[in-house]
Amino acid sequence: MSSLRKLTVAHLRGSTQPFSLSFEKDKKLTVIYGENGSGKSTLCDAFDLLGNGLVGSLEDRGLGGGLSKYWASIGKTPSEISVVLETASTKHSARLLKSNVVVDPQDGRPRVQVLRRDKMLALVTASAGERYEAIRRFIDVGGIEDAESALRDAIKSAEQGRDSAALRLQENRGEIQRLWQAAGSPDDDFLGWAQAEAKRAAGEFVPQIDALDALLSAYTRLTELPAQWAQAQQQIRDAGTESANAQAAFEAAQNGVASDAADMVSVLETAQAYLQRHPNPEACPVCQSAEKAQGLSERLQERIAGFQALREASQKLRNAQAQVERAKQHGDILAAQAQEKAEQFGKVRSGHQWPEGIDVPEPPTAAIDEWPAWLAATQCLPLAWRSALAQRQAQAQNHSALQGAVRNYTESIQTQRELDVVLPRLQRTLDIVVEERKRYTDKLLSDIANEVGRLYELVHPKEGSSKISLQLDAKKRASLAINTTFHGTVAPPPAYFSDSHMDTLGLCIFLANAKLNEPRATILVLDDVLGSVDEPHVERLIDLLIEECQGFRHCLIATHYLPWRNKHRWRMLRDGKCQFIELGRWTRDSGVSQIGSLDHVDQLRHLLAQTAPDAQLICAKAGPVLEALLKFVAITYSLRLPYRTDAQYTLGELLDAIDGKLRKALRVEVAEPAAGGAGVTHRSVSLEPLLDELKRIAQLRNAVGAHFNELSFDLLDSDAVDFGRCVHDVAEALTDSDSGWPQSKASGSYWATKNDSRRLHPLTRPT
Amino acid sequence: MTEPTIRASEQLAGKIIQRLIDEKLLSANDGKKLVPKMATGKVRAEDWRLAVEKSVPEVSSDEFPS
């Protein structure tokens, strides 16, 4: 992630005029100091708008919904709002389109997390649900919980399946037992019997059933024939009688006409048929006379009509004779059928090995007239056959039922066995899922809690209240309880913590959470979060923030807390990591403005650089700077000073505390760029001549007994300028505007600033 | 403290499935298929049943139960 270069804000909240904030290279921490109402929150809001599309400083202030209408500066419209953040390689802008925040480009949109003073306490005092929501993204394993629920369903279903199989098993045993009893309890072990029976082929009963079926059908077909035969014989007799009557009627009709009438009719009908095929003959087809050919057909018709009665009698005779013929043919057919059915019965009889008790007679003879006697003699047999058939059908049915029961019994047992294997495995799977989920979330929460505790301990060391715990409520989804151990008592923090401690804890929770979420890509914005921290803890809190901020992409701390400015002005804030920006008083016309944020040494240099230096101002500034420098030396080398509760020492006291040996040894190596610009060299500056000169001026004007802020009253103007210059030289030698004071003795041979730009010798006071 | 770079459910699903595979409660192949479904909560009861059943070693038994 590239480092921030410039933030430009226009017409958002307090920025009535466009305001640009340039970020110093390689400094991840920017402290924006300003009195209340100077526009600090406007700059925080600018980041909030760009990263999160909102202006958090207006939320929860009872303004209701639609807050975007308040986002624009007085006299400006929302569409005029503009926030632009430039980095070494990107440029993102945020604007308002109606009430929507539009960030361009969307890709790589800065990730911003903002903590405001009014939200700090909420992190501690929030409901368990709200607290859970804050870190839900990191601990929410809803997908796993759903999978867990599905697994529980699978187990429940398998248990039901096993219960169901057990129930079926009981039913199947009962059914097998019933069938065994129905079969006459043939064996002591009914299950063994059932198994053996079930192995018998299902078709075992089929041949007997089929044979009995065929026997009954064949017999039934025989029973139908005698009646049909008798009827056919009657029809033959009736047809014969009819034919004889027709013969007599024909003969009577024939006697009424010429003896050859019948032949004549025959000839005439033949001629008529001829003439129908040859309608206009030139001559008679019989005599070949041409003269009578004319009207031959008409004359033929007239003659035939004369033979009508004879013709009708003739037709009836032919019909009757045909009927006799048909009746005889029918009788012949029945006789053939009778023979065939008798043979079929014979085949059925001989085609099967009939068991004992089933009597099957020889088939009847071909003489159908004898069949009634045969049928009468065998009429009781079909009843026995039907009984035998029903018995075998029942056996087949029972066998089929037995096979089904045995199959179901086997399947139920198999199902039960399979489930007996699968169920423990499903249960074990569930145990693992639950165990891993709990372990995962517990570990995550423990990590967060430990981190909160670690951060808290840095600010409140050894107070016995850094053991923080976060616990998910197993009974309530999305609920996160927080507890702390306060002198051995576990309780929610509000039970024992002061407001100051709660604020610190809130900040620690926020930082720990923020570190979960890609911190290297996150711009952290802390808006006025140090308000209520107790004085003894401020130093440590500031150190904590400076240190923790290095893990983020950038950190912006907005504060009106004076110690920040004092630290900056005394070069205590800077170790090469922090940029300090001071905002001026906000006015509607000028909006947010940046004022000089020079430290005291820089201010002294500015006063000395004036063409007409103001001696009084120089002296007033140089006094406190010298006091700070000498106190630093006194503390560093544990110099002897009279004990005073107010720690207010005179110039003479602090100067005299530096004895001759130490004064001679006091030397600072000041880092300077090497010639050619590659690397650095160290220029040695002895502090002895500067301290001697300061003492000389003080003695000359009898100001050694003066307090530092009273020096301006004691020194002449000419002395004051020299005094100021001398103090400035000591300060420049001893401190660095970027890295502050030489406070590290890690080298083992001198005191150094963190960036090694100053090396103060000696390490210890010479004896 | 570790930084979660992937969603918690995905990370946890991977851990759980690996353990189930190690304990031979799932085959590696079925486990691999279950990870994304588990992370998104789309595993159904029958998916679990089938996957666990498939991991059971084959035992042939023709013996008639009594």
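A:Pro762 sits in the segment after strand S18 (758–761) of chain A. The peptide bond that leads into A:Pro762 from A:His761 is cis, with omega near 0°. This is a predicted model, and the cis geometry is part of that prediction. A cis peptide bond also joins A:Asp104 and A:Pro105, where omega is about -5°. Here the proline lies in a loop, the one between strand S6 (100–104) and strand S7 (111–116) of chain A.

Two backbone angles deserve a look as well. A:His11 has a phi near 60°, which is positive although the residue is not glycine. A:His11 is placed in the loop between strand S1 (4–10) and strand S2 (19–22) of chain A. Is A:His11 buried or exposed? A:His11 counts as buried, because 24 other C-beta atoms lie within 10 Å, and the cut-off for burial is 20 or more. A:Gln288 also has a positive phi in a residue other than glycine, near 65°. The loop that holds A:Gln288 runs between helix H7 (261–277) and helix H8 (296–305) of chain A. The surroundings of A:Gln288 include 10 other C-beta atoms within 10 Å, so A:Gln288 is exposed; the cut-off for that label is 12 or fewer.

Now step back to the whole of chain A. The chain has 21 helices and 18 strands. It runs to 767 residues, of which 34% are buried. Take the contacts in chain A between residues at least 6 apart in sequence: 70% of them join residues at least 24 apart.

Next, the interior. The largest nonpolar core has 103 residues. Those with the most contacts inside this core are A:Val31, A:Ala46, A:Phe47, A:Val452, A:Cys508, A:Val525 and A:Leu556. Which helix gives the largest share of this core? The answer is H11(A), with 11 residues. A:Val452 is worth following in detail. Neighbours within four places in sequence aside, A:Val452 is in contact with A:Ile468, A:Cys508, A:Ile509 and A:Ala512. A second core is separate and has 40 residues. Its members include A:Ala620, A:Val633, A:Leu687 and A:Leu760.

Chain B comes next. It has three helices and zero strands. Along the sequence the pattern is α-α-α. Of its 66 residues, 27% are buried. Among contacts in chain B between residues at least 6 apart in sequence, those joining residues at least 24 apart make up 42%.

How do the two chains meet? Chain A puts 35 residues into the contact, and chain B puts in 28 residues. On chain A, at least two residues each come from helix H3 (128–139), helix H4 (142–182), helix H5 (190–199), helix H11 (381–459) and helix H12 (499–516). H11(A) gives the most to this side, with 15 residues. By residue class, the side of chain A that touches chain B has 18 nonpolar, six polar and 11 charged residues.

One helix pair shows the contact up close. The axes of H11(A) and helix H3 (residues 45–55) of chain B come within 10 Å. They cross at roughly 115°, and the crossing is right-handed. Which residues of H11(A) meet H3(B)? They are A:Val422, A:Arg425, A:Leu426 and A:Thr429. Their partners in H3(B) are B:Trp48, B:Val52 and B:Glu53. Sorted by class, the residues of this helix contact are four nonpolar, one polar and two charged. H11(A) thus has two roles in this account: it gives the largest share of the largest nonpolar core, and it gives the most to the side of chain A that touches chain B.

Finally, confidence. The model scores ipTM 0.91 and pTM 0.59. Chain B averages a pLDDT of 82, and 77% of its residues score at least 70. In chain B, confidence is highest in H3(B), at 94, and lowest in helix H1 (residues 8–22), at a mean of 92. Residues 1–6 of chain B are another matter: there pLDDT stays under 50. For this stretch the model has 10 contacts beyond four places in sequence. Where pLDDT is low, predicted coordinates should not be read in detail.

Conventions
Residues are numbered from 1 along each chain as its sequence is written. Chains are lettered from A and ligands numbered from 1 in the order in which they are written. This is a predicted model: local features need pLDDT of at least 70, side-chain atom pairs count only at pLDDT 80 or more; totals for chains, interfaces and linings use all residues. Two residues are in contact if their C-beta atoms, placed from the backbone, lie within 7 Å. Helices (H or I, at least four residues) and strands (E, at least two) are DSSP runs, numbered from the N terminus. Ala, Val, Leu, Ile, Met, Phe, Trp, Tyr, Cys and Pro count as nonpolar, Asp, Glu, Lys and Arg as charged, and the others, Gly among them, as polar. Axes are lines fitted to C-alpha atoms, for helices over the stretch in contact, and angles run from 0 to 180 degrees between N-to-C directions. A crossing is left-handed if the near helix is turned anticlockwise from the far one by less than a right angle, and right-handed if clockwise. pLDDT is the predictor's confidence in each residue, from 0 to 100. A nonpolar core is a set of buried Ala, Val, Leu, Ile, Met, Phe, Trp, Tyr and Cys residues joined through C-beta atoms within 7 Å.
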